[in-house]
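Me: I would like to learn how to read a protein model step by step, beginning with its open spaces and then turning to its helices, strands and buried residues. Could you take me through the one shown here?

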Amino acid sequence: MDSPDLLLCVSELLTNVIVHLGEGTPVTLRVSGTCTGRVRVELSDPEPCAWPTPRTAGPGDESGRGLSLVDALALRWGVEQGPYGKTVWCELRAPARRGQEAAVRPSGPWGRGADR
């Protein structure tokens with residue numbers, strides 16, 4: 001599965017752990033399909049009290065946009081408290097399969113068989 005949105009969400013969630021909990025914090029990353037045809041990303045860490053909170057970053061700020069990006073890309077996201085930490089999760093649309101990409105392209109002058 002190759003999805004830039006999925007990779008960006010994973011990167012932002014992992015970056016939050018490194019920035020707010022420290023390098024070397026043990027995490028568990030799970031990527032799975034849901035019964036509704038979505039892709040679910042779950043990142044668990046051992047710190048139950050460091051709850052992710054979206055921030056408003058100013059134009060000159062170098063950080064503070066990660067959860068805003070996840071919120072913009074994901075269909076939904078949230079946090080679940082567990083007995084040994086927490087899990088931050090998000091769900092995205094499943095990327096189109098390679099054979100399906102051509103089927104969803106709009107027709108017109110740039111569609112299949114058109115001279116470019």
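Me: How much space lies in the largest pocket?

Reply: Please keep in mind throughout that this is a predicted model. The largest pocket holds about 420 Å³ of space. A lining of 23 residues surrounds that space, and those closest to the centre of the pocket are Asn16, Val17, His20, Pro52 and Leu67.

Me: Which elements give two or more residues to the lining of the largest pocket?

Reply: Two helices and two strands do so, namely helix H1 (4-21), strand S2 (38-45), helix H2 (66-73) and strand S4 (85-93). The one that gives the most is H1, which supplies eight residues to the lining.

Me: How do the residues of that lining divide into nonpolar, polar and charged?

Reply: In the lining of the largest pocket, 11 residues are nonpolar, seven are polar and five are charged.

Me: Now I would like to step back to the whole protein. What pattern does the protein follow when it is read along the sequence?

Reply: The protein has three helices and four strands, and along the sequence they come in the pattern α-β-β-α-β-β-α.

Me: And how should I read its contacts and its surface?

Reply: For contacts, one can ask how far apart in the sequence the partners lie: among the contacts in this protein with a separation of 6 or more, 54% are between residues 24 or more positions apart. For the surface, the protein exposes about 8200 Å², and carbon and sulfur atoms supply 52% of that area. Of the 116 residues in the protein, 28% are buried.

Me: Which residues of H2 are buried?

Reply: They are Gly66, Leu67 and Val70. Looking down the axis of H2, you would find these buried residues within an arc of 90 degrees, so they line one face of the helix. The cover over the buried residues of H2 includes H1, strand S3 (76-82) and S4.

Me: Why does Gly66 count as buried?

Reply: The cut-off to remember is that a residue is buried when its relative accessible area is under 20%. Gly66, which is found in helix H2, has a relative accessibility of 12% and therefore counts as buried. You can also look at how the chain brings distant positions together in space: Gly66 and Leu8 are 58 residues apart along the chain, while their C-alpha atoms are separated by 9.2 Å.

Me: May I try the same reading on a strand residue? Which residues does Val41 touch, not counting residues up to four places away in sequence?

Reply: Val41 has its place in strand S2, and because its relative accessibility is 0%, Val41 counts as buried. With those sequence neighbours left out, Val41 touches Leu6, Val10, Leu13, Leu29, Arg30, Val31, Val88, Trp89, Cys90 and Leu92. From Val41 to Trp77 there are 36 residues in sequence, and the two are 9.2 Å apart in space, C-alpha to C-alpha.

Me: Val10 is among the residues that Val41 touches, so to finish, where is the place of Val10?

Reply: Val10 sits in helix H1, and at 15% relative accessibility it counts as buried. Leaving aside neighbours within four places in sequence, Val10 is in contact with Leu29 and Val41. The C-alpha atoms of Val10 and Glu42 are separated by 8.7 Å, although these residues are 32 residues apart along the chain.

Key
Residues are numbered from 1 along each chain as its sequence is written. This is a predicted model: local features need pLDDT of at least 70, side-chain atom pairs count only at pLDDT 80 or more; totals for chains, interfaces and linings use all residues. Side-chain values use heavy atoms; hydrogens and water are left out. On a 1 Å grid over the protein atoms alone, a cavity is a set of points where a 1.4 Å probe fits but cannot get out, and a pocket is an open set with protein on both sides within 12 Å along at least five of seven lines; lining residues have an atom within 4 Å of a point. Grid points are joined across faces, edges and corners, and a volume is the space filled by probe spheres set on the points. Ala, Val, Leu, Ile, Met, Phe, Trp, Tyr, Cys and Pro count as nonpolar, Asp, Glu, Lys and Arg as charged, and the others, Gly among them, as polar. Buried means under 20% relative accessible area, exposed over 50%, partly exposed in between (1.4 Å probe, protein chains only). The arc is that of the directions from the helix axis to the C-beta atoms. Contact means heavy atoms within 4.5 Å. Accessible areas come from the Shrake-Rupley method with a 1.4 Å probe; for residues, only the protein chains shown count as cover.
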